[in-house]
Amino acid sequence: MKVMVFTMKTCKRCNVKVLDNTNNCPLCRSVLTDYDGVTADNIYPAVDVNVRRYNIIARIFLFLSIVGGITAIVTNYLTYNGILWSILTVAAILYCWTAIIHSIKHHINVASKIFVQTIFASVFVVIIDFVMGYSGWAVNYVVPNLFSIANISVLIIIIVNRMDWHNYALYQVSIGVFGFIPIVLFLFGVIDRPLTTIIATVISVLTLLFAFIFGDKSVKSELKRRFHF
Amino acid sequence: MDKIKNNRDNEYRWHKLDNTANIFPVISNKNFSSVYRVSVRLKEEIVPELLQESLDMTLPLFDCFKVRLRHGMFWYYFETNKKKPLIGPELSIPCVYFQPSGNNQFLFKVYYFKKRISLEVFHAITDGTGALNFLKELTCNYIRLANQGDFAEEHNPGPCVDMTSDIEDSYIKNFKKQKKSGYSTAQAYQIKGQKLPLYMIGVIHGYIDTKSLLDLCRRKNATITQYIAAVITWCIYKEYLNEQPHKHPIQISIPVNLRPFYDSTTSMNFFSLFAVGLLIERSNYTFEEMLEVIKCQFKEQLTKENFSKKIAFGVATGKNIFVRFLPLPIKNLSMKIIYWKSAKANTCSFSNLGRIQVPDIYKKYIENFEVLLTANNADPIKCGLCTFEERSVVTFTSRLSDTYLQRAFFRKLANDGLEIVIESNGVYDENM
């Protein structure tokens with residue numbers, strides 16, 4: 001093993017001594033004059049240029065998505081018959097990218113996945129409804145049911161993993177609160193068939209009540225830190 | 001339901017981010033890591049097992065390092081991280097971004113390479129002073145473990161740094177309702193040039209004898225920080241402006257440790273920034289002239305009143321009722337926009353960590369300390385200075401493939417009669 005090397009080379013142009021294991025001055029690239037021929041130890045790990053992994057699958061999907069989206073828009077434009085169906089294609093592609101990427105990441109909380117999926121799926125079905133000539137099926141039936149299912153799913157997860165309740169508390173409360181969106185839409189007259197909406201609202205109220213009454217200290221503390229302002 | 005009983009929340013304590021820390025989780029990503037490095041070079045090769053052991057000894061003393069970052073509805077917060085931080089061999093690129101799920105969710109990492117121990121820290125948890133305290137404690141623990149023969153008599157020496165775990169937002173503590181002043185957003189001259197390959201950072205250390213550097217500064221009647229800041233300004237003027245007038249001023253941003261001003265011992269962030277520099281209006285400046293201007297700016301700006309105004313601005317913004325209740329994603333978006341609008345206000349950054357003190361018994365095992373500020377595409381060159389005993393280390397970190405500033409800087413110091421020893425991380429060799 002070499003001792004700390006302070007036997008070094010000199011750059012005559014910069015008027016500095018150089019410790020690096022190299023023949024050129026790191027400052028001006030001119031050739032160094034050897035002091036005594038002893039080479040120094042590198043003080044940094046070897047430089048690695050290729051740090052970004054080349055992800056071929058992601059690139060194929062990105063390529064297909066862009067080509068697919070543009071093809072749909074052009075075809076739709078050339079053969080226009082009153083329906084802007086290409087909006088659906090593009091929305092579906094965007095939905096896949098955002099929602100699916102979020103769902104397959106392994107470190108993300110499962111309740112968070114349910115929450116995000118519910119929001120994205122709701123927006124997506126509403127877009128479908130609008131493009132197909134609005135008839136209200138999305139807001140009347142699908143969106144309230146999505147929130148009911150989300151609420152019940154998170155509740156089941158919590159009952160199964162009782163000890164980890166605090167990890168799901170933020171999403172449980174968020175889904176519970178977002179579950180009131182259908183009833184707000186009903187109050188503004190957007191929803192005209194309120195049965196599913198009423199069921200969804202009742203489930204949301206029950207979920208929130210359940211969290212606030214049965215949640216122990218860890219759940220309360222979790223909610224406190226998550227909602228601190 | 002009576003099964004749902006646990007007291008774990010007692011263990012998972014949490015605290016808010018301090019007033020400046022809030023910006024870092026928002027603006028950071030792979031290209032803008034907000035991670036800096038403080039290193040210590042010892043005289044013997046590092047033994048990884050002992051380093052891990054000393055890290056395990058050190059961490060319990062520093063609550064602010066033992067955290068993971070979580071997001072709430074309105075703000076981020078830190079929560080106790082129960083996992084174990086692992087040391088690792090140094091990577092080829094310094095100051096890489098901490099992926100939220102990687103590194104056992106810790107926001108710091110201890111690396112070793114040959115004789116060097118490096119501590120990389122995400123700026124949200126603490127500033128340079130806090131990181132140096134952690135590194136000093138870690139190093140002293142390591143030296144004791146590695147040289148047990150020399151320390152046999154001492155049973156329990158206790159922490160070697162005087163401030164350890166003080167979680168206090170000193171910005172809020174020292175906030176007074178008063179005249180506020182934010183940071184300047186006027187555009188400064190930007191150093192441009194071809195960038196190094198992805199994420200790569202060029203490092204050039206310059207070792208200088210402390211006494212000759214001090215003598216030189218005394219002759220010029222300046223402090224080391226003033227002198228180095230003036231040399232950097234001078235070199236940018238010579239090398240990048242070619243001694244010609246430019247419509248944007250050269251601005252060197254300098255962080256200041258606020259603890260001495262307010263008698264704070266916090267282990268979280270407590271720093272502020274100020275900028276010195278000048279608008280180049282003619283082509284016959286002399287270095288002495290520039291040094292005088294910069295000395296005056298230090299006198300004007302390095303005052304408690306000035307920093308109190310900046311604290312008042314930051315804290316008042318954070319306390320604003322509209323800001324507080326903005327949901328986190330919207331807050332993040334607006335913070336990003338505001339940050340990037342003001343990001344062009346600096347030409348270069350220079351940070352002087354000052355003279356580093358360790359207890360006398362450890363001094364003979366230590367060669368020197370170094371600091372690496374993270375360079376990024378928006379702020380391509382940064383400079384840091386650490387002084388330990390007779391060895392001062394100036395470190396340039398750069399994303400640029402040219403080394404004009406570094407070359408001019410060290411040539412200028414060499415011309416001033418200093419003996420300079422250069423060492424680099426080899427990036428400039430690779431890219432010939």
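Biologist: What distance separates the centres of domain 1 of chain A and domain 2 of chain A?

Modeller: In this predicted model, the two centres, taken over C-alpha atoms, are 62 Å apart. The domain assignment puts domain 1 at 1–50 and domain 2 at 99–226 of chain A.

Biologist: Now to the helices. Why is H2(A) called roughly antiparallel to H3(A)?

Modeller: Let's take the angle first. Helix H2 (residues 85–104) and helix H3 (residues 110–131) of chain A have axes that come within 10 Å and cross at roughly 180°. Angles over 145 degrees count as roughly antiparallel, and therefore H2(A) is roughly antiparallel to H3(A).

Biologist: Which residues make that contact?

Modeller: From H2(A) they include A:Trp85, A:Leu88 and A:Tyr95, and from H3(A) they include A:Phe120, A:Phe124 and A:Ile127. The contact of H2(A) with H3(A) divides into 12 nonpolar, four polar and one charged residue.

Biologist: And between the chains, how many residues of chain A are in contact with chain B?

Modeller: 39 residues of chain A are in contact with 46 residues of chain B; being in contact here means C-beta atoms within 7 Å. On the chain A side, strand E2 (16–18) and helix H8 (217–226) are the elements that give two or more residues. H8(A) provides the largest share, five residues. By type, that side has 21 nonpolar, eight polar and 10 charged residues.

Biologist: What makes E2(A) and strand E15 of chain B a pair?

Modeller: Pairing needs at least two bridges. Two bridges join E2(A) to E15(B), residues 420–424, and the strands run parallel. So the pair meets the cut-off. A:Lys17 stands opposite B:Val421 in E15(B).

Biologist: Which strands belong to the sheet that contains these two?

Modeller: Nine strands form an open sheet, in the order E1(A)-E2(A)-E15(B)-E8(B)-E14(B)-E13(B)-E11(B)-E9(B)-E10(B), with mixed pairing.

Biologist: What makes E1 of chain A and E10 of chain B the edge strands?

Modeller: Each of them, E1 (9–11) of chain A and E10 (271–278) of chain B, pairs on one side only. Neighbouring strands of this sheet are turned by 25° against each other on average, with direction ignored.

Biologist: How do you know that E9(B) and E11(B) are paired as well?

Modeller: The test again is at least two bridges. Strand E9 (residues 250–257) is joined to strand E11 (residues 348–355) of chain B by two bridges, so they count as a pair, and they run parallel. B:Ser253 has B:Ser349 in E11(B) as its bridge partner.

Conventions: Residues numbered from 1 in each chain as written. Chains lettered and ligands numbered in written order. Predicted model: local features only at pLDDT ≥ 70, side-chain atom pairs only at ≥ 80, totals over all residues. Domains from an automatic or database assignment. Contact = placed C-beta atoms within 7 Å. Helix = DSSP H or I, 4+ residues; strand = E, 2+ residues; numbered from the N terminus. Nonpolar A, V, L, I, M, F, W, Y, C, P; charged D, E, K, R; others polar. Axes fitted to C-alpha atoms, helices over the stretch in contact; angles between N-to-C directions. Parallel < 35°, antiparallel > 145°, perpendicular 65-115°, else oblique.
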